[in-house]
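Subject: Structure handover and findings

Hello,

Here is the structure I said I would pass on. My notes on it follow below.

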Amino acid sequence: TEQDECMGSVKEQIAKLFEVSLKVTVPNEPDVEPLVAACNGKFGDYQCNNAMGLWSKIKGKGAQFRGPPAVGEAIKNNLPTSEMIESCSVAGPGFVNVVLSKNWMAKSIQKMLVEGIDKWAPLPPVKTAVVDFSSPNIAKEMHVGHLRSTIIGDTLARMLEFSKVKVLRRNHVGDWGTQFGMLIEFLFEKFPNFEDAAETAIGDLQAFYKASKQRFDADPAFKERAQQAVVRLQGGEDKYRRAWAQICEISRNEFHKVYQRLGVHLEEKGESFYNPYIPGVIETLTKQGLVEESQGARVIFIEGVNIPLIVVKSDGGFNYASTDLAALWYRLNEEKAEWIIYVTDVGQQQHFDMFFKAAKRAGWLPHGDSSYPKASHVGFGLVLGEDGKRFRTRNTEVVRLVDLLDEAKTRSKAALIERGKGEEWTEEEIESTAEAVGYGAVKYADLKNNRLTNYTFNFDQMLNDKGNTAVYLLYAHARICSIIRRSGKDIEELKNKGTLILGHKDERDLGLHLLQFAEVVEEACTNLLPNVLCDYLYNLSEIFSKFYSNPECKVIGSDMETSRLLLCEATAVVMRKCFSLLGITPIYKI
Ligand code: ARG
């Protein structure tokens, strides 16, 4: 299968060699896992750090070694021969340093060029994952928080998909709840023929929501009817279901516009989908003795948290937590997901923490966090405005996402015109480049930060063509493409007929960084941190610049032209894969 063809990352391949060595070195310690890290230092490219820990394990047991350096020495000597390794040495208290073979490195990169970068996909330990992201609420605003969730969730899904995981991209929209009684009742009142006119008449759902809320708060009789409407909706009464469906449809169309702009694909399975599963799930949990009565509500107590998780409200209704329990049950049992990832702001951390613990108590999830099936909450911080407060625009309370994207595009288009592209390029090229750069800038500005920290939304900063921005990176990629074009060589032909050689130190440094792509994606996935991939991409462009600007590494017209063009192409391929994982469209000329 394809999986078998993937070797895993370089780090993983080195770790496998050390695993063999450890088995021989300490046969009585079969459970020792190799501790291997990239060190990019003067002693080597990778380092095995097992000697010290092993020494403290075995020293009392009459071992034949005389201290950690001796253990390191043995690990080194027992390392199987491999074409990957040029040399190996022991340093300090027993670090075993490996220097990769330049020959092997060059061959691996060229092989990737011929076979495609998918062969460099990491091999995560799961087959199916759910990424629950974006998940806005019907009839309420899709705010910047949902934009973050959409961008971060999409990237995580893309990285897992690249790693050959089957990803269920779930939009857990808030489409069920008491607010619908109010909305439906207001719809009936305003538009008795709601089915013919609703879409055009309502238009702005947020304004509609506001107006209905005002009505709800002001008129007790309306409030009464609204509460009745919820009951009738939940009882499945046809007219109410149709009104509900219509309201959802209007919201859905709005959301869809944002997803289309962002190139994000999602499958909606909203809260309402899980509603039929809730009673059964609660019953099972009750039979297990997990659900208790507390102040009229039914709750699950969680160790270490002083408030319980409410799963049935005192009025008998279900809530956010009951829905999430049913959804988790469904995902584990019906969809057979082994990893379920939820992307929301950090404000919901306690909810997820409690509900994961409840699932552990129920035996749905194992207790350790490193075993599967696993549930992970991917929290993120706030988007701030220039004033350091929650991001808002001048006159509206919330920022309309579509407006943000429009402005990013308009600004990058203006920058292109200013650079004289108006005369050189077709209108279509200008448009598509402005979109790639503008939307890419918004995404990258979000993804490059550690997701837990708040960040300030700033157009000037994110559209700067210098520094760690999408613009800089997209231009760097386009420049590499133009080097290849200017050479006049057929790069496809060179991939097969030419030879890549990593002769100069700057070439080797670049090659090593390219080869580390898989382990970086792996790390970004394991820790659910897209910024790790952004850092990698930025460093890649810096390392490329160092190579390209070194007169000793002249590309076009030098003896080493073919090899260096291949190295340029490999850099462009890896950059494009990074862009694709980050949901950014590359550009090919500037
Ligand atoms: N609709 C929620 C909100 O806007 C997010 C839902 C996240 N997913 C979940 N399974 N709880 O805050």
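How do the residues of the shell around the ligand divide into nonpolar, polar and charged? The shell has 3 nonpolar, 6 polar and 2 charged residues. Please keep in mind throughout that this is a predicted model.

Ligand site

The residues around the ligand are D132, S135, N137, H146, H172, Y320, D324, Y342, T344, Q348 and F352. For three of these residues I have a polar distance to the ligand. D132 places a polar side-chain atom 2.8 Å from a nitrogen atom of the ligand. In D324, an N or O atom of the side chain is 2.7 Å from a ligand nitrogen atom. H146 is matched with an oxygen atom of the ligand instead, and an N or O atom in the H146 side chain is 2.9 Å from that oxygen. On its own the ligand has 350 Å² of accessible area, and the protein covers 91% of this. Two elements give two or more residues to the shell, namely α14 (320-333) and β11 (339-345).

The sheet

Strand β11 also belongs to an open sheet of 5 strands, which are paired in parallel and run in the order β7-β6-β5-β11-β12. At the edges are β7 (267-268) and β12 (374-380), each of which pairs on one side only. Strand β5 covers residues 128-132 and is joined to β11 by 4 bridges, with the two strands running parallel. One residue pair to look at there is V131, whose bridge partner in β11 is I341. The ligand neighbour D132 falls within the residue range of β5.

A hairpin

Elsewhere, β8 (residues 291-294) and β9 (residues 297-300) pair in the antiparallel sense, again with 4 bridges. E292 has V299 of β9 as its bridge partner. These two strands form a hairpin with 2 residues between them, and Q295 in the turn has a positive phi of about 45°.

Largest pocket

The largest pocket has a volume of about 740 Å³. Its lining comprises 27 residues, and those nearest the centre are K11, A38, E519, V520 and E523. The elements that supply two or more lining residues are α2 (10-25), β1 (36-38), α22 (505-515), α23 (517-526) and α24 (530-549). Sorted by class, this lining has 10 nonpolar, 7 polar and 10 charged residues.

Cavities

How many cavities of 30 Å³ or more does the structure hold? There are 4 of them. The largest cavity has a volume of about 60 Å³. It is lined by F356, K360, L365, P366, G368, D369, S371, P373, K374 and A375. By class, these divide into 5 nonpolar, 2 polar and 3 charged. Both α15 (349-361) and β12 supply at least two residues of this lining; β12 is also one of the edge strands of the sheet described above.

Backbone details

Two points in the backbone deserve a look when you open the model. The first concerns P373, one of the residues lining the largest cavity. A cis peptide bond joins Y372 to P373, with omega at about -5°. P373 is found in the loop between α15 and β12. The second is K164, which is not a glycine but has a positive phi of about 65°. K164 lies in the loop between α6 (144-162) and β6 (166-171), and β6 is one of the strands of the open sheet. The ligand neighbour H146 falls within the residue range of α6.

Regards

How values were computed
Residues numbered from 1 in each chain as written. Predicted model: local features only at pLDDT ≥ 70, side-chain atom pairs only at ≥ 80, totals over all residues. Heavy atoms only, no water. Near = heavy atom within 4 Å. Polar contact = N/O pair within 3.5 Å; in protein donor to acceptor, adjacent residues only side chain to side chain. Areas by Shrake-Rupley, 256 points an atom, 1.4 Å probe, with all protein chains shown as cover. Nonpolar A, V, L, I, M, F, W, Y, C, P; charged D, E, K, R; others polar. Pairing = 2+ DSSP bridges. 1 Å grid on protein atoms, 1.4 Å probe; cavity = no way out; pocket = protein on both sides within 12 Å on 5 of 7 lines; lining within 4 Å. Points joined across faces, edges and corners; volume = space filled by probe spheres on them.
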